Protein chains: 2
Amino acid sequence: MARPVQQRRVTIVDVARHAQVSTTAVSKVLRNAYGTSPAMQQKVHQAIADLGYRPSAAARGLRGQTYTLGVMVPDIANPFFPEILNGVTASLRDSSYQVLLAPGCAGEQAEARTIESMIDRSMDGIILIAPISPRAHLEHVAGIIPTVIVGRHARSAIYDTVADDDIAGAALVVDHLVELGHRRIAHVEHLETEPSCIEEMPNMIRAEGYRRAMRRHGLDAEIDVVSRTYTREGGYTGARELLERPNRPTAIFAGADIAAMGVLDAVAEAGLSVPGDISVAGYDNTTFASFSQVSLTSVDQAGWQIGADAARLLLERIADRSRRSAQVKLSPTLVVRTTTAPPPTP
Amino acid sequence: MARPVQQRRVTIVDVARHAQVSTTAVSKVLRNAYGTSPAMQQKVHQAIADLGYRPSAAARGLRGQTYTLGVMVPDIANPFFPEILNGVTASLRDSSYQVLLAPGCAGEQAEARTIESMIDRSMDGIILIAPISPRAHLEHVAGIIPTVIVGRHARSAIYDTVADDDIAGAALVVDHLVELGHRRIAHVEHLETEPSCIEEMPNMIRAEGYRRAMRRHGLDAEIDVVSRTYTREGGYTGARELLERPNRPTAIFAGADIAAMGVLDAVAEAGLSVPGDISVAGYDNTTFASFSQVSLTSVDQAGWQIGADAARLLLERIADRSRRSAQVKLSPTLVVRTTTAPPPTP
DNA sequence: ACTGTCGTGGGTAACGTTGCCCAAATGTTT
DNA sequence: AAACATTTGGGCAACGTTACCCACGACAGT
C-alpha cells in the first residue's frame with residue numbers, strides 16, 4: 001500500500017530561491033530574454049538542473065506562450081496523414097515546441113469543436129489539414145490564433161496555406177492512362193456532406209483536374225465520377241457502382257490511396273483482374289501503395305514536405321503575426337506501378 | 001488589408017456581469033457544483049450562450065482540471081493504433097474530456113520527454129500505449145498523474161493496465177499452423193534497443209508465447225526467432241534473413257501486421273508464393289489484413305475494445321485516485337484468411 | 001564633478017479560474 | 001418562539017508565470 005506522497009511541483013519560485021535570484025531573473029533566463037549576465041544564467045541553469053524544474057504550461061498559457069502547436073487531422077486511419085505529421089515533427093525537432101494531435105473530426109460541427117478546444121488550450125498555433133469549415137470560419141480562427149491550412153486551395157490574407165497542385169496531379173493520372181490507350185476512365189471522388197467550402201477542397205480540385213484532363217483529350221463523353229468518401233468503404237461502394245455500368249470503365253482513378261484500396265476490394269470481389277481487366281490508380285503514394293502485393297500506381301504529393309513547410313510557415317507566423325501570408329504549392333509526381341496497363345483488347 | 005482586431009477573450013467575469021451574478025456562481029454552474037438554483041443556472045447558461053463564452057484551459061489548469069486527456073502512441077504509422085484511439089474517443093464522446101495525441105516517440109529519452117510534456121500541460125490523465133520506459137519510471141509518473149498503461153504485462157498498485165493475452169494470441173497462430181502441418185515455423189519479433197523493461201512488453205510476451213507453443217507441440221528444435229522492429233522495414237529484413245536459411249521455414253509468424261507487410265514484401269521479392277511456398281501470419285488484425293489483395297491470417301486483439309476500456313479506467317481513476325488498481329486482460333481470437341495453408345509437399 | 005547611457009537585476013500586477021470560507025435567507029424541529 | 005439545519009449565493013486568495021516598469025551601479029563624454 002506504499003503510495004508515493006503527492007509532492008508539490010517545483011516552481012519558478014523554488015528555483016529563484018535556490019539560485020538566490022529573483023523569479024523575474026529565472027523567467028528571463030528561461031526565455032533567453034535581454035538583461036541576464038552569463039554568471040546569472042549559469043546559476044539559474046544549475047538550480048533548474050538541481051531541482052528538476054519544469055515550467056508549467058498552464059501558467060505560461062495564462063500569460064503568454066505555451067510552446068504547444070496543434071495539428072488537426074481529418075482521419076487518422078488514412079495512412080497519408082502520418083507522413084505529413086512526420087514532416088511537421090521533423091521541422092520542430094530543434095525547437096522547444098511540442099506537437100499535439102487532435103483526432104477524430106467527423107463533420108463540420110466536430111471540426112469546429114476540435115478547433116475551439118485547441119484555442120481553449122492556448123496553443124501557440126495550429127495546422128489544420130484539409131478542414132471542411134467554411135472560409136469565413138477559418139479566417140475567424142486565424143484572427144485568434146496563428147494558423148496554417150493544408151490542402152485547401154484558396155489564399156487568405158491572414159493565414160498561410162500549403163497545398164499540392166491537385167489539378168496537375170489528376171492530370172498526371174489521366175494522361176498516363178490515356179497514353180496506355182484507355183478512354184473509359186472513371187473517377188471516385190470525396191464529397192463532403194456539408195458542402196460549405198466545396199470549391200476549395202483538394203478532393204474537389206482533383207475531380208476538376210480529372211474533368212479538365214479528360215476534356216483536353218477529347219473524352220468529354222467518357223467523364224464518369226462517383227461521389228463517395230476517401231475511405232476504403234467509399235472506394236468499395238463507388239467501384240461497385242462503376243462495375244455495374246452496362247459499359248464499365250477500363251480504368252478507375254481513386255482520389256486517394258485509401259479509397260483505391262476499396263476499389264481493389266470491389267474489383268477482386270467481382271472476379272476481375274488488375275491490371276488485366278481494369279486499371280486502378282490512386283493518389284498520395286502512401287506506404288500502402290508501394291506494398292508488393294498492391295503495387296499501386298499513385299500520385300506522390302510529398303506528404304513529408306507538406307508537413308515540413310506547414311510547420312516552418314507556422315513558426316514564422318508565430319514570430320511575426322502581421323507578416324504577409326504565404327502560399328506554398330507543391331508539384332506532384334506520378335509513380336507508375338503495376339496496377340495500370342493497356343486496356344484489354346475487346 | 002482588413003485585419004480583424006485581436007478581440008479580448010470572453011472570460012468568466014464577463015459572463016458573471018452579463019448574468020448579474022458572481023464569478024463564483026458561474027464557475028459553480030459550469031462544474032455542476034453544489035449550491036446553484038435552477039433559476040441561476042438558467043441565467044448563467046443564457047449568458048454563456050449570449051457571449052459565446054469558453055473556459056480557458058490554461059486558467060483551469062492552474063487551479064485544477066483541464067478536461068484534457070493525453071494518449072501516447074509509439075508509432076502513428078502502425079494502423080493498429082488508430083483503432084485503439086477510436087475506442088478511446090468513443091468512450092469519451094459524452095464526457096467533457098478532449099483527447100490529445102502525442103506523436104513521435106522513438107526511444108526511451110523521447111518517450112520520457114513526451115510524458116513530461118503531458119504532465120507540464122496539466123493533463124488530467126494519460127494513456128500510454130506500449131511504453132518502453134522502465135517500470136519504476138512509470139510508477140513515478142503514475143504518482144503524479146492518473147495513468148493507464150496499455151499493452152504492458154505487469155500489475156502496479158497505482159496504475160491500471162489493459163492488455164491483450166499475448167501468450168494465448170501467439171499460441172493461436174502456432175496451433176493453427178501446426179494443425180495445417182507446419183513444423184518449421186519462424187517468428188519475427190520486435191526487440192527494443194534499450195532493454196530496460198523487456199519482460200513486460202507485449203512483443204516479448206508474444207515471442208515467449210510462440211516459444212511455449214512450439215515446445216508444447218514438441219517443436220523445440222524448430223524454434224527460430226529473428227529480432228527486428230514492428231515496422232515494414234523490420235519485417236522485410238527479418239524475412240530476408242529467414243529465407244536465406246539453408247532449410248528455410250515453411251511459415252513465418254510476424255508479431256504485428258505491419259511487420260507481416262514487410263515479410264510479404266520479402267517473400268514476393270524472393271519469387272515465392274503465399275501460401276503455396278510459405279505461409280504468413282500477422283498480429284493485430286488491422287484493416288490492412290482484411291484487404292482483399294492481402295487477406296492476411298492474423299490475431300484479432302480488439303483494438304477498439306482496448307481503447308474503450310483504457311478510457312473507462314482512466315475516468316474512474318481520475319474520479320477516485322486512491323481506488324484499487326485494475327487489470328483488464330482481453331482474449332484474442334484468430335482470423336484465418338488466405339495467407340496460411342498446408343506446407344508444400346516436398 | 002555632472003549628466004546621460006548602458007548593463008544588470010528586481011518588484012509588482014496581472015492572466016482566468018476555482019476551493020475555501022462566510023453571510024443571508026429559508027425551512028424545520030423542539 | 002427560539003434554536004437549528006439547509007439552501008443559495010458571494011468574497012477572497014491562491015495557482016505559476018511573464019510584461020512592464022523602475023533602481024542601482026559603472027562608465028563615457030562633456
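## The surface near DNA strand C

In this predicted model, helix α4(B) makes the largest contribution to the surface near DNA strand C, giving four residues. In total, 24 residues surround DNA strand C, and the closest are A:Ser37, B:Ile12, B:Ser27, B:Arg31 and B:Tyr53. By class, the surface near DNA strand C consists of 10 nonpolar, nine polar and five charged residues.

Sugar or phosphate supplies 65% of the atoms of DNA strand C that lie within 4 Å of the protein, and bases supply the rest. Two of the contacts go to phosphate oxygens of DNA strand C: a polar side-chain atom of A:Ser22 is 2.9 Å from one, and an N or O atom in the side chain of B:Arg60 is 2.9 Å from one. A base is contacted as well, since a polar side-chain atom of A:Lys28 lies 3.2 Å from a base oxygen of DNA strand C. The elements that give two or more residues to the surface near DNA strand C are α2 and α4 of chain A, along with α2 and α4 of chain B.

## The surface near DNA strand D

DNA strand D is surrounded by 24 residues, of which A:Ile12, A:Ser27, A:Arg31, A:Tyr53 and B:Tyr34 are the closest. Of the atoms of DNA strand D within 4 Å of the protein, 66% belong to sugar and phosphate. The surface near DNA strand D divides into 10 nonpolar, nine polar and five charged residues.

Phosphate oxygens of DNA strand D have partners in both chains. From chain A, a polar backbone atom of A:Ser56 is 3.2 Å from a phosphate oxygen of DNA strand D, and an N or O atom in the side chain of A:Arg60 is 2.9 Å from one. From chain B, an N or O atom in the side chain of B:Ser22 is 2.9 Å from a phosphate oxygen of this strand. Two or more residues each come from α2 (23-31) and α4 (57-63) of chain A and from α2 (23-30) and α4 of chain B. Helix α4(A) gives the most to the surface near DNA strand D, with four residues.

## The contact between the two chains

The size of an interface is often given as the accessible area lost when the parts come together. Chain B and chain A bury about 4,400 Å² between them, with 55% of it on carbon and sulfur atoms. The contact takes 53 residues from chain B and 54 residues from chain A.

Six salt bridges are found across the interface of chain B and chain A. One of the salt bridges joins the side chains of A:Asp120 and B:Arg54 (3.1 Å, N to O). On the side of chain B that touches chain A, the elements giving two or more residues include α5 (80-92), β2 (98-102) and α6 (107-120). The residues on this side are 27 nonpolar, 17 polar and nine charged.

## Helix α1 of chain B

Helix α1 of chain B spans residues 12-19, and its residues B:Asp14, B:Val15, B:Ala16 and B:Ala19 are buried. Their cover includes α2 and α3 (38-51) of chain B. After α1(B) comes B:Gln20, which has a positive phi, near 60 degrees.

## A buried histidine

B:His182 lies in the loop between α8 (166-180) and β6 (185-190) of chain B. Its relative accessible area is 2%, which is under 20%, so B:His182 counts as buried.

The side chain of B:His182 makes a polar contact with the side chain of B:Ser279 (3.2 Å). The side chain of B:His182 also reaches the backbone oxygen of B:Ala341 at 2.7 Å. Among the other residues that B:His182 touches are B:Leu177, B:Leu219, B:Thr250 and B:Pro342.

Technical notes. Residues are numbered from 1 along each chain as its sequence is written. Chains are lettered from A and ligands numbered from 1 in the order in which they are written. This is a predicted model: local features need pLDDT of at least 70, side-chain atom pairs count only at pLDDT 80 or more; totals for chains, interfaces and linings use all residues. Side-chain values use heavy atoms; hydrogens and water are left out. Buried means under 20% relative accessible area, exposed over 50%, partly exposed in between (1.4 Å probe, protein chains only). A polar contact is a pair of N or O atoms within 3.5 Å; within protein, one must be able to donate a hydrogen and the other to accept it, and residues adjacent in sequence count only if both atoms are side-chain atoms. Contact means heavy atoms within 4.5 Å. Buried area is the accessible area (1.4 Å probe) that two parts lose on being put together, summed over both. A salt bridge is a side-chain nitrogen of Lys or Arg within 4 Å of a carboxyl oxygen of Asp or Glu. Ala, Val, Leu, Ile, Met, Phe, Trp, Tyr, Cys and Pro count as nonpolar, Asp, Glu, Lys and Arg as charged, and the others, Gly among them, as polar. A residue is near a molecule or strand if one of its heavy atoms lies within 4 Å of it. Lists of a residue's contacts leave out its neighbours within four places in sequence.
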